[in-house]
Each structure stands twice: as structure tokens, then as C-alpha cells.
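Good morning, and thank you for making time for this short presentation. Please take a moment with the sequence and the structure before I begin.

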Amino acid sequence: MRKLLAFAFLFFFFWDKTLAQIAPAPPLKVDNITSILEKGGQFTTFIKLLKATQVADQLNNQLSTPDPNDGLTVFAPSDNAFSGLKSGTLNSLSDQEKLQLVQFHILPTLMSTSQFQTASNPLRTQAGDVKGGKFPLNVTADGNQVNVTTGVVNATVENSVFSDRRIAVYQVDKVLLPLDIFGTAPEPAPAPVVPENGGLVSSPKAAVKGADVAGAVSLKFHALAMGFSSFAVFWAIFGGF
């Protein structure tokens with residue numbers, strides 16, 4: 001009897017242990033991009049843009065993947081960074097431009113601070129079109145300082161907000177303005193001046209030369225007139241003799 005009880009005890013002990021080993025692990029809790037930024041406490045405007053453009057939903061779907069391929073890197077401008085923009089800047093953008101602005105702050109790869117040292121510029125963002133020169137993003141690192149340039153602004157990475165094997169979020173002190181949206185277009189060349197004299201433009205030298213010729217002709221006619229006048233007077237006095 002004792003052997004039977006001992007056997008039963010060992011059987012249930014190892015059975016429970018085996019079930020515990022093969023039971024599925026609880027799902028890994030992943031912070032979404034909104035909660036990450038809310039914990040930072042100073043990204044209200046950027047959160048609103050993420051939600052309005054539905055980029056937040058897209059990022060959260062990527063973060064929920066059990067084994068993401070490349071991860072994500074987000075450069076998050078603080079509220080102070082947005083307050084530095086010219087008044088009405090965001091309101092002047094179309095919905096498509098707002099989407100591209102937000103996507104320009106997101107890299108489709110996970111980058112640690114050490115990887116910024118060897119980054120191959122320009123970096124590809126979710127806004128796309130790096131080779132076309134519309135959305136160039138360059139990162140340079142000097143010691144602990146990381147700078148981000150867009151062709152319009154030069155920003156500095158102030159600190160790391162969050163980092164795990166799926167996503168890295170860095171706070172930047174300026175809004176990253178894409179060249180394609182905020183770049184200054186080259187001024188058009190001035191239109192040629194069409195003169196009223198049949199479309200011919202006279203150079204200053206030609207004008208002076210023309211004035212000299214006209215003056216010389218005028219003097220010749222004046223001299224001839226004086227000559228005829230003198231001859232008439234002479235004929236009137238002595239012609240009768």
C-alpha cells in the first residue's frame with residue numbers, strides 16, 4: 001500500500017512539472033508608442049500628430065509582432081521643439097504633408113546610440129525617397145553628442161526616452177523638417193526686359209556712339225545753313241553792282 005501511494009505521489013508530481021514546462025508562456029507585454037511618449041511627459045503635440053495621421057496605430061501593430069525583423073527608431077520632438085516653429089506652420093500643412101512629417105521622424109530599423117557612430121547617410125525614413133533628395137536625413141555622432149540634419153534644420157538628440165529589442169525612442173530638440181516640404185525653392189530668373197524699339201537692346205556704348213553721330217550730322221547742317229545765310233547777305237549787298 002505504501003509503495004502504491006508513493007508511486008501515485010511521484011506520478012502526479014512529475015506530471016504537474018511536465019505540464020508546467022510545456023504550458024505556453026504568457027504573452028510578452030509590449031508598451032505601445034503612445035504610452036512610451038506619455039511616460040516621457042513632454043510629447044503632447046507629437047502624440048496628437050501620431051494619432052491624427054494614424055501612424056500610432058501602424059507603429060503599435062508593428063510592435064505587437066512577436067519577433068520584429070528590423071525594429072523601429074523614433075526621433076520624438078518635445079513640446080518645446082514644436083513651440084519653436086513659426087506660428088501656423090502645422091496648420092498650413094495638408095493631411096498628406098502632416099503624414100510625411102511624422103513618417104520623417106521614424107526609421108524602419110532599430111538603431112542604438114552606438115550605431116549612430118557608423119551610420120551610413122542619408123538614413124532611410126518611413127517618408128521614403130532618400131535617393132531623390134526629397135527626404136534626406138543625416139546623423140552624425142561626436143562622442144556622446146548625436147546630431148540630426150535634414151537640409152532645413154540641425155537638431156540634437158537630447159536623451160534616450162525608451163529602448164528595447166523592438167523600438168528605440170530618442171528625444172530631439174527640434175522638429176525634423178523635411179526638405180521636400182519646408183525647403184526653399186530657388187528663385188526664378190528675372191524676365192528679360194523687352195525694349196520698345198522693336199525688340200533691340202542698345203548697349204550704353206552704342207547709345208553714346210549714336211549720340212555722337214547725330215551730333216556730328218547736326219553740326220554739319222548748321223554749318224551749311226550759316227554758309228547759305230552769309231552768301232545771301234553778301235548777294236543782297238553787292239549783287240546790284
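In β5, which residue is the bridge partner of T149? The partner of T149 there is N154. I shall return to that pair shortly, but I should say at once that what we have here is a predicted model.

Let me begin with the overall layout. The protein has 241 residues, and 28% of them count as buried. Its secondary structure comprises 8 helices and 6 strands. Read from the N terminus, the order of the elements is α-α-α-α-β-α-α-β-β-β-β-β-α-α. If we take the contacts with a separation of 6 or more, 64% come from residues 24 or more positions apart. As for the surface, about 16,400 Å² is exposed, and 60% of that is supplied by carbon and sulfur atoms.

I turn now to the sheet. The 6 strands form an open sheet with mixed pairing, in the order β2-β1-β6-β5-β4-β3. At the edges stand β2, residues 106-107, and β3, residues 138-142, each of which pairs on one side only.

Let us walk inward from β3. This strand pairs with β4, residues 145-149, in the antiparallel sense, over 5 bridges. Within this part of the sheet, A141 stands opposite V146 of β4. The next step takes us from β4 to β5, where the two strands run antiparallel and are joined by 3 bridges. This is where the opening pair belongs, with T149 bridged to N154 in β5. β4 and β5 form a hairpin, with 4 residues between them. In the turn of that hairpin, G151 has a positive phi of about 95°.

From β5 we continue to β6, again antiparallel, with 5 bridges joining the two. Here S163 has A168 of β6 as its bridge partner. These two strands also form a hairpin, and 3 residues lie between them.

Next, the helices, starting with α2. S35 has its place in this helix, which covers residues 33-40. Is S35 buried or exposed? S35 counts as buried, because its relative accessibility is 18% and the cut-off for burial is under 20%. Along the chain, S35 and I47 are 12 residues apart, and their C-alpha atoms are separated by 9.5 Å.

Helix α4, residues 55-63, has V55, A56, L59, N60 and L63 as its buried residues. Why do these residues lie on the same side of α4? They do so because they cover an arc of only 135° around the axis. There is a general principle to keep in mind here: an α-helix has 3.6 residues a turn, so residues three or four places apart point the same way. The cover over the buried residues of α4 includes helices α2, α3 and α6, together with strands β1, β2 and β6.

Helix α6 has buried residues as well, namely Q100, L101, V102 and Q103. Among the elements that cover them are α3, α4, β2 and α7, the last of these spanning residues 179-182.

Between α3 and α4 there is a loop, and T53 is found in it. T53 is buried, since its relative accessible area is 16%. Setting aside residues up to four places away in sequence, T53 touches K98, L99 and V102. A polar atom of the T53 side chain also lies 3.4 Å from the backbone oxygen of L50.

Q54 lies in that loop between α3 and α4 too. In contrast to the buried T53, Q54 counts as exposed, because its relative accessibility is 54% and the threshold is over 50%. Q54 also has a positive phi, about 65°, although it is not a glycine.

One last backbone feature deserves mention. Where is P122 found? P122 is in the loop between β2 and β3. The peptide bond that joins N121 and P122 is cis, with omega at about -5°.

To close, I would ask you to keep two pictures in mind. One is the open sheet of 6 strands, with β2 and β3 at its edges. The other is the loop between α3 and α4, which holds T53 and Q54. Thank you for your attention.

Notes
Residues numbered from 1 in each chain as written. Predicted model: local features only at pLDDT ≥ 70, side-chain atom pairs only at ≥ 80, totals over all residues. Heavy atoms only, no water. Buried < 20%, exposed > 50% of the residue type's maximum accessible area, 1.4 Å probe, protein only. Contact = heavy atoms within 4.5 Å. Areas by Shrake-Rupley, 256 points an atom, 1.4 Å probe, with all protein chains shown as cover. Pairing = 2+ DSSP bridges. Arc of directions from axis to C-beta. Polar contact = N/O pair within 3.5 Å; in protein donor to acceptor, adjacent residues only side chain to side chain.
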